[in-house]
2 protein chains.
Amino acid sequence: MTDNSRPDADWQDFLRHSQQLSDLRGIDALLGWDQSTYQPPAAAEGRSRQMALLSRLIHAHATDAGYGNTLDTLAGRGDLDPVQTRMLALARKDFEQSRRLPEALVGEMAEHWGRTYTAWTTARPENDWAGMVPLLERSLDLTLEAASHFPEFADPHDYYIDASDEGMSAEAIAQVFSDLQRELVPLVQAVTAAQEPRTDFIGGANHYDVQRQLAFGERVIRDYGYDFTAGRQDLTHHPFMTRLGDADIRITTRVQEADPLDALYSTLHESGHAMYEQGIAPQYLGTPLGGGVSSGVHESQSRLWENLVGRSREFWAAYGEDFRAAFPQVLAGVSDEDLYRASNVVRRSLIRTDADELTYNLHVILRFNLERELLAGRLAVRDLADAWQAAYRDNLGLEAPSHKDGVLQDVHWFFGPVAGAFQGYTLGNIMSAQIYAAARRALPELDAQIARCEFGPLHGWLRENIYRHGRLYTPSELIERATGKPLEAADYLAYLRGKYGDLYGLKL
Amino acid sequence: MTDNSRPDADWQDFLRHSQQLSDLRGIDALLGWDQSTYQPPAAAEGRSRQMALLSRLIHAHATDAGYGNTLDTLAGRGDLDPVQTRMLALARKDFEQSRRLPEALVGEMAEHWGRTYTAWTTARPENDWAGMVPLLERSLDLTLEAASHFPEFADPHDYYIDASDEGMSAEAIAQVFSDLQRELVPLVQAVTAAQEPRTDFIGGANHYDVQRQLAFGERVIRDYGYDFTAGRQDLTHHPFMTRLGDADIRITTRVQEADPLDALYSTLHESGHAMYEQGIAPQYLGTPLGGGVSSGVHESQSRLWENLVGRSREFWAAYGEDFRAAFPQVLAGVSDEDLYRASNVVRRSLIRTDADELTYNLHVILRFNLERELLAGRLAVRDLADAWQAAYRDNLGLEAPSHKDGVLQDVHWFFGPVAGAFQGYTLGNIMSAQIYAAARRALPELDAQIARCEFGPLHGWLRENIYRHGRLYTPSELIERATGKPLEAADYLAYLRGKYGDLYGLKL
């Protein structure tokens, strides 16, 4: 900072504006949270109108001319420290993002995504791919047109990737994904050819009390370090994490009566997102630094707590007894090892969101590759469904009996740009293993700690090396600082080979 | 409406602006609802900041200069129909209310009420009346100063009364209240001297399952006609009703394990407020007509469903059996008549919010009279506590052992102007009986219908005569249209005499 009073006043203006934007977005998050949790059905139309009004207010605030002048003035300053410089760069990026798209295009996109989404909600159950083709063609055009306003990205795909995974490029991601894909395909083949563990206590007519399921998941994430004084868990159809304010980071889950692992791992997953947000340094909240840095890093934290911790043998050593005690009728005679194995069943399936840890990334990678082909003009929308089928055959040896479980299955392409929607999931998986390997080097007793429900050391390490930084570093900088090396798939592959080789008695 | 296109454009501008104001207020209501229901404790500070920001946005919107111009233009139009004219008059009143107070005064009031409220939260438990005197003296000064900006009200009290009970004056209310008070004091004396009914099944160590209590209350208000597709009930410390949107009218309640009547009558009370809001004509929503017309009329609806319906003998004839079935252990041997009598116990008490139907109004009237003396300068704040004690002695024959249960008991005077806070409660009670008497004349089978849980005719009559009009008529016009006569205490006194004379075997 500086002694000069006017420059300080500019900086204070900037901080005040940032705080207001953050507060408005928190209000918007509350509207969305309520919409998914408690809003009565007849309220939907009025709520949509409220959300549209708030969006316009946020847009007006984000593109305010006086704020733009403040950003210009501050950009000319030579006395900002690195934290301030980074805040300013992110603010500038958000400002350009909000301002550079012509209003007519923004309006057309909003209208088109709305119409496309509505059409998808009936086209999917009706398996009507042909009906979606013209809409998706227009979506692709709009996707490319919006990107053309950001000529600093030579590849339009990079514009979308940069928006959610700052600094990454389609080419670099394609390289990492292709390395991973080459190894995963035979790995999945070997594992799915082996004998499945027992899962008779999951699904079917098994009954697990809903309240006990919820209480168990909440107990585990309280142990993990999720702070219930600054958050809560509610029920929704699709689980999510949301920031409603500085100290208000909520999660949601869903519960299946026959499968307690569904709610449990959903809760563990969202708690990872939430602990990341809860761990951001307080002085960054309300500034451009006050959030997770990218979709990939965010997903790395949800996957770390869900999979690397929650699907480990040590986890079930820690919790198996209490889990059986919560559901004594169903789980009589089910051992910790049975629970561990049932939590890690690998099955080739058509649906991404139902996929296990091992096959999940193939679903993502093939979508990423299809996006890349579409954006480059090498694949026409009308050929997308066939290309989808071919990709599933090649990667998973499966063919969808209908488009409903094929190209129409995910909402992402039918609710926004046909780009940048999926890569974060697999980037997150790769990062999660690289970060966990670094944590393990720093915490040699980690496995023993987990087996005693002792998560303080791991949570503390993540808070110190990932969470507190918010958006201070780019994702690549953050990963390199935390793990000592650039992002690569090696740790992730080693983790998968070790775990599934042991589980299925294979030499992978 | 008119053929001329520009005037229509002005009217459309007006409607759009009104709709946006209404939507912003709905968002504000959601923030408040969440704050009282589900918000995690650490989120309080951030939520206050969000609410302050939204208040500023609403104020800016409500006082927008372009909107003011539109109001001016429309005021010069000779072609508006009566509904439009009334919309415009209410909009003008809100506009002046938002704009005429100097910003410095608004800021000082907000700051002072905040400080006073905080002081009250500790002064009350510590019984520290002396510490509150200087703050309340300043509150009184600010109360008078704000009113001075509305010289159209010769009596500052009228400015505050008009804000919540449009068109009523302190003098007219004082007259009605004084008539009521003169009759109530001996009535309360006679009833409280009589033998109390049995209440051994309420309070003490009795245990009523909380979920069953909630389910029972919800079943009753569903029968009443509260629409759960456009509302819901949640738990809060202080029950309330709130409009979050056109079709989103929520209520809250609280539950005591030992006293199921507390939750039940709280739910019935709030459902009355909510059915009023749910019954407003759809075309008025989002306009200045889209809400209940006054605090008195609102309270008349909550009291009608709580007391005149819910505390009737017919109500317990309808629900007694199911109520016993919900709590069979505690209520074995308790008759419908026992339930009716226990719901109508009269006890002189110090606390307004615990008061029964008969004594309640004395609490209100003495507060109204004290406000009136303070505002007229006939009573100094430093003498208020003594005046309070004297009023309780005169009206209820009680003296508070400490200020905590005396002058410090209600938040109202310590959280805003020292005026207009209480009269609506008793106006509502008086109106409820006058309206109910009119409904009974129109529905000769009303008692029999209630005894069969058949509330459609009553709900329909109220919807037709009260609810659908929103703010179209002033409270006095509405009462006169619905009941055929101006507001007077006669029906209310007749109701009380008839009911309590019968209950306590007295000739009242």
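How many bridges join β1(A) to strand β3 of chain A, and do the two run parallel or antiparallel? The first view takes this up, and like the others it shows a predicted model.

**View 1. A little three-stranded sheet in chain A has the strand order β1-β3-β2.** Here's the reply to the opening question: β1(A) and β3(A) (residues 248–253) are joined by 3 bridges and run parallel. Look for Q233(A), whose bridge partner in β3(A) is I251(A). The sheet is open, and its pairing is mixed. At its edges stand β1 (233–235) and β2 (241–245) of chain A, each with a single partner strand, so one side of each has no neighbour in the sheet. From one strand to the next, the twist averages 30°. Helix α10 (residues 260–278) of chain A packs on this sheet and touches β1, β2 and β3 of chain A. The direction of α10 makes about 165° with that of β3(A).

**View 2. In chain B we look at an open sheet with the order β1-β3-β2 and mixed pairing.** This time, follow the pairing of β2(B) with β3(B) (residues 248–253), which is antiparallel and runs over 4 bridges. One spot to find is M241(B), which has I251(B) as its bridge partner in β3(B). Which strands stand at the edges? They are β1 and β2 (241–245) of chain B, and each has a single partner strand, so one side of each is left without a neighbour in the sheet. Ignoring direction, neighbouring strands here are turned by 30° against each other on average.

**View 3. Helices α11 and α17 of chain A pack at an angle of about 60°.** Packed helices like these get described with two numbers: the angle between their axes and the distance between the axes. For α11 (residues 295–309) and α17 (residues 423–442) of chain A, the axes are 7 Å apart. The two helices are therefore oblique to each other, and their crossing is right-handed. Who makes the contact? From α11(A) come residues including V297(A), R303(A), L304(A) and L308(A), while α17(A) brings in, among them, Y425(A), M431(A), I435(A) and Y436(A). Sorted by class, this contact has 10 nonpolar, 8 polar and 2 charged residues.

**View 4. Helices α10 and α12 of chain B cross at roughly 130°.** The axes of α10 (residues 260–278) and α12 (residues 313–326) of chain B come within 15 Å. That crossing angle makes α10(B) oblique to α12(B), and the crossing is right-handed. On the α10(B) side, the contact is made by P260(B), L261(B), L264(B), Y265(B) and L268(B); on the α12(B) side, by F315(B), W316(B) and F323(B). How do these residues divide by class? There are 8 nonpolar, no polar and no charged residues in this contact.

**View 5. R232(B) sits in the loop between α9 (210–224) and β1 (233–235) of chain B.** Setting aside its neighbours within four places in sequence, R232(B) is in contact with residues of chain A, namely Y38(A) and P40(A). From chain B, the contacts of R232(B) are W33(B), Y38(B), Y226(B), I249(B), R250(B) and I251(B). By comparison, L136(B) is 96 residues from R232(B) in sequence and 38 Å away in space, C-alpha to C-alpha.

**View 6. A rotation of 180° superposes chain B on chain A.** The shift along the rotation axis is 0.0 Å, and the RMSD is 0.0 Å. The two copies are thus related as by a two-fold rotation axis. The same surface serves both copies, as 100% of the contact residues of chain B recur in chain A.

Note on methods: Residues are numbered from 1 along each chain as its sequence is written. Chains are lettered from A and ligands numbered from 1 in the order in which they are written. This is a predicted model: local features need pLDDT of at least 70, side-chain atom pairs count only at pLDDT 80 or more; totals for chains, interfaces and linings use all residues. Side-chain values use heavy atoms; hydrogens and water are left out. Axes are lines fitted to C-alpha atoms, for helices over the stretch in contact, and angles run from 0 to 180 degrees between N-to-C directions. Angles under 35 degrees count as roughly parallel, over 145 as roughly antiparallel, 65 to 115 as roughly perpendicular and the rest as oblique. A crossing is left-handed if the near helix is turned anticlockwise from the far one by less than a right angle, and right-handed if clockwise. Contact means heavy atoms within 4.5 Å. Ala, Val, Leu, Ile, Met, Phe, Trp, Tyr, Cys and Pro count as nonpolar, Asp, Glu, Lys and Arg as charged, and the others, Gly among them, as polar. Two strands pair if DSSP finds at least two bridges between them. Copies are superposed by least squares on the C-alpha atoms of residues with pLDDT of at least 70 in both.
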